[in-house]
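Hi everyone, thanks for making time. I'd like to walk you through one structure today, looking at where parts of it touch. Here it is on the screen.

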Amino acid sequence: MRALKAFFRSPPAIIGLLLVLAVVAMGLAAPLLYPNDPLGLAGRPLQWPGANPRFPLGTDPSGRDIAAQLFHGARISLLIGFVATSIAVVIGIGIGAVAGFYGGAADTVLMRLTEAFQTLPNFLLLLVLVAVFGSTMEVVTVAIGLVSWPPVARLTRAEFLSLRTREFVYAARIQGLPDWHLIFREVLPNALPPVIVYASVVMAVAILLESSLAFLQLSDPNVPSWGNLIGLGRSVLRTEWYVSAIPGVAILLAILGVSLLGQGLNDALNPRLAPR
Amino acid sequence: MRVLALAGRRLAASLPTLVLILVGLFLLLQLAPGDTVDALMAQMGGGDAALAEDLRRFYGLDLSIAARLGQYLLRLVTLDLGFSAIYGKPVATVILERLPATLLLMAAALSFAFFFGLVLGVLAARRVNRWPDTLISTLGLIFYATPSFWFGLMAIVLFSVHLQWFPAGGFYEIGEGLTGLALTLDIARHLVLPTLTLGLIFLAIYLRIMRASMLEVLSLDFVRTARAKGLTETRIVTRHVLRNAMLPMITLIGLQAGTMLGGSVVVETVFALPGLGRLAYESVVQRDLNTLLGIVFVSALLVIAINFLVDLLYAKLDPRIVSGG
Amino acid sequence: MSGLRIQDLSILLPRGGDRTHALAGISLAVAPGEILCVVGESGSGKSVTASAVMGLLAPGLAVERGSITLGQDNLLALTPAQWRATRGARIAMVFQEPMTALNPLMTVGGQLSEMWIVHRGLSKREALARALAALEEVQLPDPAGALNAFPHELSGGQRQRVMIAMALALEPELLICDEPTTALDVTTQAQVLKLIKDLQQRHNTAVLFITHDFGVVAEIADRVAVMQLGHVVEEGPVGEVLLRPQHPYTQALLAAVPPLNAPPTRPLPDTGAVLELVGLTKTYASRGIFRRRKAVKALDGVTATLKRGTTLGIVGESGSGKSTLARCVVGLMGLDGGTIRIAGQPLTQDRQKAAHLAQMVFQDPYASLNPRRSVGAQVAQGPIAAGTSSAEAWAEARRLFALVGLEPEAVRRYPHEFSGGQRQRIGIARALAMKPEVLVADEPVSALDVSVQAQVLKLLRDLQGRLGLSILFITHDLRVAAQLCDEVVVMQNGRIAEAGPVAEVFTNPRHAYTQSLLAAVPGRSVLEAG
C-alpha cells in the first residue's frame with residue numbers, strides 16, 4: 001500500500017504508466033480501427049503524412065497504411081516483449097535461485113552456463129537461432145527469451161546468496177523446514193522486488209531486439225512490425241524519410257514507457273534510493 | 001605480477017566456457033535445415049545430386065556429427081577456422097579482413113560512452129534532484145529508449161543528406177587512394193556517426209550507473225570522515241569518491257562487451273561498414289555456417305579478451321581484490 | 001572562555017516522526033584537558049549532539065535555537081569555508097565503525113598526510129614524514145609499513161588507531177569520539193581507551209565522548225552527562241553520577257548494567273549431560289579461484305558438556321570460534337572432526353529430527369525475522385512441518401507469545417510492528433515452539449539497549465526456571481555471562497583456554513588469557529567497587 005502510494009506520487013512513474021497504457025490501448029484498438037489487413041495494399045505508395053486524410057501518417061513504399069501498421073505493430077511489440085520477458089524471467093529466476101541457494105557444484109555449473117551465454121553477443125546468438133529455426137513469430141519470441149535470461153539469473157543469484165545467510169532463513173532451516181519452503185516462502189519473496197524491477201529492463205531490451213531483427217528483415221515477414229517498417233523505409237530514406245521516422249518514435253516511446261514504469265517501481269519498492 | 005596472475009586465473013577459468021559455447025553452437029547448427037552446399041547450389045542456380053555429393057565430401061560434410069565436431073575443435077586449436085564456400089577463401093582470412101573496422105568502431109564507441117557517461121553521471125550526482133540532474137537523467141532515459149538503427153538512419157538523413165557534414169556510409173572513400181594521415185582522417189570522418197549510434201545506449205547506461213554509484217559512495221562512512229577532515233567538496237569528489245564510484249562502471253564494461261558486439265551487427269549494416277557484425281548478418285542470410293561459427297568463436301575470444309583487460313584494470317584500481325581481503 | 005560550550009541547543013526532527021525534537025534545549029560544556037562522556041540509549045540524541053558540533057547534521061535536521069561556541073567562535077554562524085578550516089584543524093572526530101571509516105582505495109599514509117597538505121599546505125614529503133610520526137605516536141606496530149598499507153590490510157583496532165592519529169594530527173582543541181570502541185573486542189577496547197586518554201592529556205584536548213556503555217564511562221570520563229529523549233537528565237563528575245545517581249533514569253540504567261561479580265554457584269541439578277561436545281575440529285579452507293585465504297582453525301579440539309537444566313556460557317573475542325561452535329551444534333555447519341551428542345543421540349543430518357534436539361536464538365533482532373511473513377506463521381511453521389495440525393500450532397504460538405510476555409493476538413502482526421526487544425522475545429518463542437533439548441543463544445542481547453537487555457536476560461532466567469531449559473549461551477560480554485551462566489568455557493583461537501563454574505572462573509582465573517579478558521572489562525574499578 002505504501003509502495004503504491006509512493007508510486008503514484010512520482011511523476012516519471014505516472015508518465016511511464018500512461019505511455020505503456022497508450023501502447024496497450026493502441027494494440028487493443030487496432031482490430032477495431034483498422035479491421036483490414038495492415039499489410040494489404042491500401043492506396044498510392046509514398047503519400048506524405050497529412051497529404052491524404054485517409055492516411056494521416058501516410059503510406060509506405062508498397063502503398064500500405066502506416067498508421068494501420070503502427071497500431072497492429074503495437075500488438076506484436078507488446079506480445080513479443082511480454083512473452084519473451086516472461087520466458088527470460090522464469091529461466092533466470094530458476095537458474096539464479098538454484099545456483100544462489102545451493103552454491104557449490106550446482107552454482108559452478110550453472111554460472112559457467114550463464115557466463116557462456118553472456119560471453120556470446122546476444123544479438124549474434126539471436127541471429128543464429130533465427131537462422132536455424134526460421135523466422136516465425138513463435139521462434140523469434142522464444143529466441144529473444146532464450147538470449148535475455150543471463151542478467152536475471154545473475155541478479156537472482158546475488159539476491160539469493162545474500163539472503164540465504166540471513167538469520168531468518170537459518171532459523172527456518174533449524175526449525176526443520178525443507179528446502180522448497182526455504183526457497184519459495186523465505187528467500188524468494190524477499191528476492192523478488194529487484195527482479196521484478198529488472199524485468200522492465202528485460203522487456204525494453206526484448207522490444208529492442210525484436211525491432212532490430214525486424215529491421216534486418218530477419219523477423220516474421222507476415223506480421224506488421226515497427227522495426228520492419230523502418231527497414232522498408234531505408235530504400236527511400238533520402239526523400240521519404242518519414243516512413244522510417246514514424247515507427248521509430250513509436251519504439252522510442254514504448255521503451256521509454258517501460259523504463260519509466262520500471263524506475264517508478266524501483267523507487268516505490270526501495271524507498272532507500274528514492275529522492276529525499 | 002600478482003594482478004597479472006589473478007587475471008590469468010580468470011582467463012583460464014573462461015576456457016571451459018569457450019568450449020561449452022562452441023559445442024553448443026556446433027550442435028545447434030546441425031539442426032539447421034540445409035547446409036553450405038545447399039546454399040552454394042542455390043547460388044550457382046542449381047545442380048545435380050552427384051555434384052552436391054562431391055561438394056559435401058570436399059567440405060567434409062558427409063561425416064558423422066561427433067566426428068565433425070571433434071575435427072572442428074581440433075582445427076580451432078590451430079586457429080584454422082575452415083573454408084568459406086561463399087567467399088571462396090579461408091574463414092580466418094575473411095574474418096581478419098573484417099576485424100579492424102569492428103575493433104575501431106567498438107573502441108571509439110566505448111571511449112565515447114565511457115567518457116561522457118562518467119562526466120554526465122558525476123555532474124548529475126553533484127546536482128542531484130536539481131535541474132541539471134533532471135535534464136541529464138531525462139536525456140539518459142531518452143537515449144536508452146532510442147533504437148540504434150533508427151538513430152543511425154535519422155543521423156544519416158540529418159547529417160549526411162541535409163547538412164552533408166559526414167558521409168552516409170562506408171569505411172573510407174574508395175577510389176581516392178588516400179594514404180597516411182589523410183586516410184586516418186577520412187576513416188575518422190566515416191566513423192563519427194557509427195560511433196555516436198553504437199555508443200548512445202551505452203552512454204545512457206554508464207551515466208545512469210555512474211550517477212547511482214556516486215550517490216551511493218557519497219553516503220558512505222569514509223566520505224563523512226573526509227568531510228570531518230575539512231576537505232573541500234571538490235577534493236572529496238576527486239580524491240575519495242570518484243575512484244570508488246568508477247568500480248561498478250568498470251565491471252559493466254566487461255559484462256556488456258558482448259552486447260556491444262551484438263549492437264555492431266545493426267550499426268555496421270546501417271552504415272555499410274565492412275566489419276565483423278555485417279559479416280555475421282551476411283553469413284546468416286547466405287547460410288555460410290562455417291563463417292558464422294568462426295565469427296562466433298572470434299567474438300567469444302574478443303569478449304574474453306576484453307574481460308581480461310577489465311580484470312586487470314579493476315585489480316589495479318581496487319587493492320582489495322589482489323590481497324583477497 | 002576556552003573549550004566547547006553548548007547552550008540551550010534545540011534541533012528539530014523532520015515532521016511525521018514520533019517526536020518533534022532530536023534535542024530539546026540541551027546545555028553542555030567541555031573544558032580543555034577534560035573528557036565529557038555523553039551517555040544514553042538509542043534515540044537519546046547523543047549522536048545528533050556530536051554531528052551538530054561537527055556541523056555535519058543529517059539532511060532533514062535543523063537547528064531551532066541555541067548556540068555552540070568553541071573558544072570565542074560561534075560555530076553556528078560559520079560559513080561553509082570557515083567550517084572547512086575548522087573541521088579537522090580545530091575540531092576532529094573519531095567514528096564508531098573503523099571498518100568503513102577509511103577510504104578503501106587509498107593508502108593509510110595518503111589519507112593521513114592529507115590533513116597537513118590541505119590545512120597546513122605542506123608538501124607531500126613533509127606531510128608523509130608527519131604522518132609517520134603520528135602513526136608512531138598511536139603505537140601502531142610497524143608504522144612505516146602501515147603508511148603504505150591499505151585499510152583492509154589492518155585490523156579493526158589498528159584502523160581505529162589510524163583514525164585517532166588522523167583526528168589528533170593538527171592538535172585540535174576539541175576531539176569528538178562517537179562510540180569509538182563499540183565495534184572492537186574488549187582487550188582492544190581497553191588499549192584504545194587508554195591511548196585516547198594518554199594523548200588527550202598530553203595535548204590538553206577537550207574530548208566529547210559519546211557512548212552507551214557505563215563501563216567505558218567509568219573508564220575514561222571526567223564528567224558525565226546522561227541523555228534521554230533529547231534531554232540532559234543528569235550531569236556531574238563521574239564519581240558522583242555513577243555512584244550516587246540522582247535521576248531515576250540514571251538509576252535505572254545503572255541498575256541494568258550486569259555486575260561482573262557472578263552470584264555464588266547455585267546447586268546444579270544432578271540430571272546428567274544433555275549436550276556433549278567431544279574433540280570438535282573445524283577448519284575454514286582456502287577456496288575459490290579469485291581469492292586465496294589462509295586456512296583458519298575455527299575449532300581445534302573443543303570438548304565441553306552442558307548439564308540438563310543449566311546454562312553453559314561460551315565466551316571469547318571475535319575469531320575465537322564461539323559462533324562456529326554454535327552453528328555446528330544446531331547443524332548449520334558440518335564438523336571436520338569430533339562428535340556432538342544431544343540427549344544421548346549423535347547429531348543427525350535429518351533436519352526434522354534435529355529440530356527437536358537444538359534450536360537457536362539469533363543476535364540481530366532485525367535480520368532474524370522474515371519481514372514478509374506474520375510473526376505467528378514463523379513460530380508455527382516449525383511444528384506444522386513436524387506434523388502438528390495448523391490450528392494446534394497456532395494455538396501453541398499464542399500460548400508461547402503469552403509465555404515470553406507478548407500479546408497472544410500479536411501473532412497476526414508483521415515484524416516491522418515490533419521493537420528490537422520484542423523481536424528477540426519472538427525469536428525465543430520460535431525456538432521454544434520446537435520443544436528443543438538444547439537452546440543455543442548466539443549473542444541474543446548484544447544488539448539491545450542495556451535496559452532492554454536486562455529484561456531479555458530476566459526472561460531467559462525465568463523460562464529456564466519454569467521449563468527446565470538447557471541453554472548454550474554464546475557471548476562476548478563477560479558481565480552478561482556472569483549473570484546468566486552456571487558454567488563457562490573461555491575460548492581463544494578455536495581452543496578452550498579455561499572452563500569451570502562461572503563464579504570460580506571469574507573470581508579466580510587461572511589462564512593468562514582469562515585474566516587479561518577480565519582485566520579489560522571496562523569500568524570494573526568504579527562499578528564493581530560500588
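**Where the parts meet**

Okay, let's start with chains A and B: chain A puts 35 residues into their contact, and chain B puts in 41. Keep in mind as we go that this is a predicted model.

So which elements of chain A give two or more residues to the side that touches chain B? Those are α4 (104-119), α5 (122-133), α8 (179-215) and α10 (242-269) of chain A. The one that gives the most is α10(A), with nine residues. And if you sort that side of chain A by residue class, you get 23 nonpolar, eight polar and four charged.

Now over to chain C. The domain assignment splits chain C like this: domain 1 is 34-61 + 83-255, domain 2 is 273-357 + 436-529, and domain 3 is 376-430. Let's stick with domains 2 and 3 of chain C, whose C-alpha centres are 26 Å apart.

How many residues of each are in contact? Nine from domain 2 of chain C, and they meet nine from domain 3 of chain C. On the domain 2 side of that contact, two elements of chain C give two or more residues: α12 (351-357) and α16 (450-467). The largest share there comes from α16(C), which supplies four residues. As for classes, that side of domain 2 of chain C has seven nonpolar residues, two polar ones and no charged ones.

Right, that's my tour. Happy to go back to any part of it.

How values were computed
Residues numbered from 1 in each chain as written. Chains lettered and ligands numbered in written order. Predicted model: local features only at pLDDT ≥ 70, side-chain atom pairs only at ≥ 80, totals over all residues. Domains from an automatic or database assignment. Contact = placed C-beta atoms within 7 Å. Nonpolar A, V, L, I, M, F, W, Y, C, P; charged D, E, K, R; others polar.
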